[in-house]
Structures are given as structure tokens and as C-alpha cells.
Amino acid sequence: MLGPRVWSSVRQGLSRGLFRTVGAWASGEGKKVDIAGIYPPVTTPFTATAEVDYEKLEENLHKLGTFPFRGFVVQGSNGEFPFLTSSERLEVVSRVRQAMPKDKLLLAGSGCESTQATVEMTVSMAQVGADAAMVVTPCYYHGRMSSAALIHHYTKVADLSPIPVVLYSVPANTGLDLPVDAVVTLSQHPNIVGIKDSGGDVTRIGLIVHKTRRQDFQVLAGSAGFLLASYAVGAVGGVCALANVLGAQVCQLERLCLTGQWEDAQKLQHRLIEPNTASDHVPQLCVGQVKEKRQDGMLVKCQAVLGRAILQSEAKRKMCVPIDMFLCIFQIKLFILR
């Protein structure tokens, strides 16, 4: 049963008109929001004292705002939401909303381990400016996360959310793949508009597209590494970490796929695979470690720098660190040697 604080937040949302679009969808008067396009999952910069660096966050957003993205994702895996307090999570969403271009969509990660906490976080994120909630699978008791349990969880969240809900399956981090049968059932909910699938299984992505084809439901690839393949089986875009540093190239790949220039798209996808792999693996680098790779005329250099993480202990154990593009956690430099 939902607690009084949640109901209070829901009532506040109703009083502010936040349920305006959901009601229209549920009654058949409107169409679900279109989430097609490319989204960089925005990173959370930290100061040397491990506080959120809102100034650097805004600087990053001004840089990202120069690319033709559909919008931004905040508080995803790249945003390191497990390391943030509830108030920090909301403040980050609020600051991003204020700094980003008004015509872009803001997808905010509101997932928590309990249904009640997720509802409360979702409502609060809507109040500070999120256009849609991206809800990761609860996973601590992953052995009990059956299709029925997950359907119940997401249905309750979507019923009470004042903004559209995007399902989020990231098995590399949660150890849990949102089952296809659960996705198909949830796609019928009027306030669930799509899924970000980061598993990398293109067969699964194609199956989800096929089985939800009669619903107003969209699929986003969770990485630039399989973006072309995802477009080929019916995905409508991607949430791509690589877009934080190679935004023009990822958007170019999107355009090539959408215009049917598959040969050129294939060439570009091949050239983006290794930079994408490097960006995906930066969290595994230890402080100060540097990697350089060269492939097909590209030099990719990744360097990890200390972010919000436990400092090395007296025993000198190395602590792996998270990502921050541009200014804080790592840099990728691309050189076309032609």
C-alpha cells in the first residue's frame, strides 16, 4: 500500500495539471509522446570533495546542446544515480531542465528498489521538469523478479506517474533482463511509451519490436555499438554514451539509417565500434590508467580520473571509477588520419 507521502505528491501533481497528457492517452484522445531519436546519457560531474559539480554539469549541457539530439537522459547508469542522494537526484534533473534547450526531451531515471519509492521519485522528477521517466528494473531481490512481479511494479508506477514511462533493461548492471513477455504486456499500458534495451541482443530487440507492433510503443537501443543493427530491426533511436563525445558522428549514423543509406551507415558503424567499446570500458580503468587504441584511421585515448568513489585505502587498493565525459572523468579524442 502506498504511503501518505506518495499520495500527497500525486495530489500535488494533479493540482499542477501534470496528468493532462496521460488522461488524454487513456481516453484515446491523444497519442503517446514520440521518443524517437538520439539521446546522450548525461554524466554527473563531481568536485574534488565528491560533491555534485553543477557548474560543470551546465557546461557539459551547453556543449551537448549544439548537436541535433532528440533530448537528454539524466540519472541513468552514466549519471551514477546509485551514488546520489534523493535530493541530489532531483536537483540534477532540475538543473538540467533549466540549462537544456527548451525543444529537447528530458528523460529522467527515477527507478528505485521499491514500487513506492519509484512512484514518489517519478512524481518528484515530474515536478522539477522531467518529460518522461526512465525506470530501471528493481534488482536487489532479482531471484524474485518474475514477469508477474515486474508487470505489477511497472503497472503501478505507470498508473501513478504524471509523465510517460520508459522501461529500462540493463542486465550488465542489474543481472536482470526484463522478460519479453513482460515488455509485451506492459506495452499495452497507455502511459508506457517504450523501452531502452541495453542488453545488446539484437534478436531480442527485433522480437520486442515485432511483438509490440500493434501498440504505440517504441524501442531505443542502449548503445552506439549496436545502433545500426537496432535500426535495421525496427528501433527508433538510441541512448548512447558515445554521443557525449562523438555526438556529430552518432547523429550522422542515425541520419544514414533513417534515409536508407545502409552502405555508408555500415562503414560509419564499423568506425564507431572501437571508440564505443573504449567508452563502455572506462569505468573499469583505475585512477590514472590510460589506454590508446588505433583502428581504421582512428586513435582513441581514454583516461580515467577520480570522481565520486571511495579513495584508495591505506592498503593501496585501486578503486575503479565511473565515467564523466568532456570535463571531469574521462576524455576521448578522435583523430581522422587521412
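## Close-up views of a predicted model

**View A. Helices H4 and H5 pack side by side at an angle of about 30 degrees, their axes 9 Å apart.** Welcome to the first stop in this predicted model. Helix H5 covers residues 115-127, and the crossing that H4 makes with H5 is right-handed. On the H4 side, the residues in the contact are Ser-86, Arg-89, Leu-90 and Val-93. From H5, they are met by Met-121, Ser-124 and Met-125. Sorted by class, the contact of H4 with H5 has 4 nonpolar, 2 polar and 1 charged residues.

**View B. Helix H4 also lies across two strands, E2 and E3.** The helix is formed by residues 86-99 and runs at about 170 degrees to E3. Beneath this heading belong the two strands themselves: E2 and E3 (residues 105-109) run parallel and are joined by 4 bridges. To find the pairing on screen, look for Val-73, which stands opposite Leu-107 in E3.

**View C. An open sheet of 8 strands runs in the order E1-E8-E7-E6-E5-E4-E3-E2.** The pairing in this sheet is parallel. Strand E1 (37-39) and strand E2 (71-74) stand at the edges with a single partner strand each, so one side of each has no neighbour in the sheet. From one strand to the next, the twist averages 25 degrees. As background, strands of a sheet pair through backbone hydrogen bonds, in either a parallel or an antiparallel way.

**View D. Two loop residues that are not glycine, Ala-50 and Glu-80, have positive phi values.** If you like checking backbone torsions, this view is for you. Ala-50 has a phi near 70 degrees and sits in the loop between E1 and helix H3 (54-64). Its relative accessibility is 26%, so Ala-50 counts as partly exposed. For Glu-80, phi is about 55 degrees, and the residue lies in the loop between E2 and H4. Glu-80 is buried, because its relative accessible area of 4% is under the 20% cut-off.

**View E. Helix H9 contributes several buried residues to its surroundings.** Within residues 202-211, the buried ones are Arg-204, Ile-205, Gly-206, Ile-208 and Val-209. They pack against three strands and two helices by name: strand E5 (165-169), strand E6 (192-197) and strand E7 (218-221), along with helix H8 (180-186) and helix H10 (227-232). At the start of H9, a side-chain oxygen of Asp-201 comes to within 3.0 Å of the backbone nitrogen of Thr-203.

**View F. Ser-230 is a buried residue in helix H10.** Its relative accessible area is 1%, so Ser-230 falls under the 20% cut-off for buried residues. The side chain of Ser-230 reaches the backbone oxygen of Phe-226 at 2.7 Å. Setting aside neighbours within four places in sequence, Ser-230 is in contact with Ile-205, Ala-221 and Ala-235. Ile-205 is one of the buried residues of H9 shown in the previous view.

**View G. The whole chain has 12 helices and 11 strands.** Stepping back from the close-ups, the chain holds 338 residues, and buried residues make up 53% of them. Among contacts between residues at least 6 apart in sequence, 71% join residues at least 24 apart.

Key: Residues are numbered from 1 along each chain as its sequence is written. This is a predicted model: local features need pLDDT of at least 70, side-chain atom pairs count only at pLDDT 80 or more; totals for chains, interfaces and linings use all residues. Side-chain values use heavy atoms; hydrogens and water are left out. Two strands pair if DSSP finds at least two bridges between them. Axes are lines fitted to C-alpha atoms, for helices over the stretch in contact, and angles run from 0 to 180 degrees between N-to-C directions. Contact means heavy atoms within 4.5 Å. Buried means under 20% relative accessible area, exposed over 50%, partly exposed in between (1.4 Å probe, protein chains only). A polar contact is a pair of N or O atoms within 3.5 Å; within protein, one must be able to donate a hydrogen and the other to accept it, and residues adjacent in sequence count only if both atoms are side-chain atoms. A crossing is left-handed if the near helix is turned anticlockwise from the far one by less than a right angle, and right-handed if clockwise. Ala, Val, Leu, Ile, Met, Phe, Trp, Tyr, Cys and Pro count as nonpolar, Asp, Glu, Lys and Arg as charged, and the others, Gly among them, as polar.
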